[in-house]
Amino acid sequence: MDSSKNCLVSSSTYLVSVLLFFFAVDVASSTAPLRRAANPHWHSASATWYGSPNGDGSDGGACGYGSMVDVKPFRARVGAVSSALFKNGEGCGACYKVKCLDKSICSKRAVTVIITDESPALTKGLVHFDLSGSAFGRMAVSGRSGKLRNRGKISVIYRKTPCKYPGQNIAFHVNAGSTAYWLSLLVEFEDGDGDIGSMHIREARSNKWLTMTHLWGANWCIIGGPLEGPFSVKLTTLSKRRTLSARDVIPSKWSPKATYTSRLNFLK
């Protein structure tokens, strides 16, 4: 039996919530190509904002972080990106610096955002950012954030930047509906690359790493049975293929909806 298909079937409630979010968002389409800007470390893109003018952006989003986007360290730093950077969810958690270019209204500083959502704009491979109202306004010179937001869609440059969560270690949230036969995990607070290219899990009293299937957003799952904890989890980042293993991070008596924090992170 194909475990990937089973993971997708078991996660139908998550997928429905993502689709509902897409229908609820009204956002301009992107026209900025995926190309390098004058500085070789920056790329050209376009940006809009959504939510309330001084708000935190989306509530939840296509990465699955849920209410985490409303509190620090995510609060007001969230961003949705077009498919070129969302990468079918594997780009979730990555961090970018975004800077606007109009010197008459934009400051020289860039705003740092964490990818928590996908922009439903039909971009056809082009790069577009939907930022929270707060993040968008922060690119303006002092006192002109409202005027910058009034422009709606603007040209920006962006570059990937290491994610930093001071005082936080990587955590694993056990998604609702998980059982000893279907286990789904959401990864939180990943320093460095921020994105995930692969995940493996190891059961108690075993030396074998079992491959987890990318489910959607920052969620991964595995079909087995019965799976026996405690579980060790191994992450490999998408961008630079860095690996980290958290031994016995999920206890034997784990619970759905619980979050288990490791003692590790990539920048430590």
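Guide: A strand here is a DSSP run of E at least two residues long, numbered from the N terminus. You're looking at a predicted model, where local features need pLDDT of at least 70, side-chain atom pairs count only at pLDDT 80 or more, and totals for chains, interfaces and linings use all residues. Residues are numbered from 1 along each chain as its sequence is written, and side-chain values use heavy atoms, leaving out hydrogens and water.

Visitor: Let's start with the hairpin of S12 and S13. Which residue there takes a positive phi?

Guide: Strand S12 covers residues 213–216 and pairs with S13 in the antiparallel sense over three bridges (strands pair if DSSP finds at least two bridges between them). Two residues sit between the strands of this hairpin. The one with a positive phi, near 55 degrees, is glycine 217.

Visitor: And which residue in S13 does tryptophan 216 stand opposite?

Guide: Tryptophan 216 belongs to S12, which spans residues 213–216. Look across to S13, which covers residues 219–223. There, facing tryptophan 216, you'll find asparagine 219.

Visitor: How many bridges does S13 share with strand S9?

Guide: Strand S9 is the stretch of residues 182–188, running antiparallel to S13. One contact to look for is leucine 186, whose bridge partner in S13 is asparagine 219. In total, the bridges between S9 and S13 number five.

Visitor: Why is S13 called largely enclosed by the rest of the structure?

Guide: Burial is judged by relative accessible area: under 20% is buried, over 50% exposed, and partly exposed in between (1.4 Å probe, protein chains only). S13 has five residues, and it counts as largely enclosed because the number of them that are buried is four.

Visitor: Now the rings. Which residue forms an aromatic pair with phenylalanine 129?

Guide: The whole structure holds four aromatic pairs (Phe, Tyr or six-membered Trp rings with centres within 6.5 Å; planes under 30 degrees apart are stacked, over 60 edge-to-face, the rest tilted). This one is edge-to-face, at 5.9 Å centre to centre with 70 degrees between the planes. It joins strand S6 (residues 128–132) to strand S4 (residues 95–100), 33 residues apart in the chain. The partner of phenylalanine 129 is tyrosine 96.

Visitor: Which three residues do ring pairs link into a cluster?

Guide: Tyrosine 96 also makes an edge-to-face pair with tyrosine 158, at 6.0 Å and 65 degrees. That second pair reaches from strand S4 to strand S7 (residues 154–161), 62 residues apart. Put together, the cluster is Tyr96, Phe129 and Tyr158.

Visitor: Is tyrosine 158 buried or exposed?

Guide: Its ring partner tyrosine 96 has 4% relative accessibility and therefore counts as buried, and phenylalanine 129 is buried too. Tyrosine 158 comes out at 3%, so the word for tyrosine 158 is buried.

Visitor: Which residue lies over the face of tryptophan 42?

Guide: A charge sits over a ring if NZ of Lys or CZ of Arg is within 6 Å of the ring centre and within 35 degrees of the ring normal. Over tryptophan 42, at 4.9 Å from the ring centre, lies lysine 99.

Visitor: One last thing: which are the edge strands of the open sheet?

Guide: Four strands make up this antiparallel sheet, in the order S11-S10-S14-S15. S10 (residues 198–202) and S14 (residues 231–236) are joined by five bridges, with histidine 200 opposite lysine 234 in S14. The edge strands, each pairing on one side only, are S11 (210–211) and S15 (243–250).
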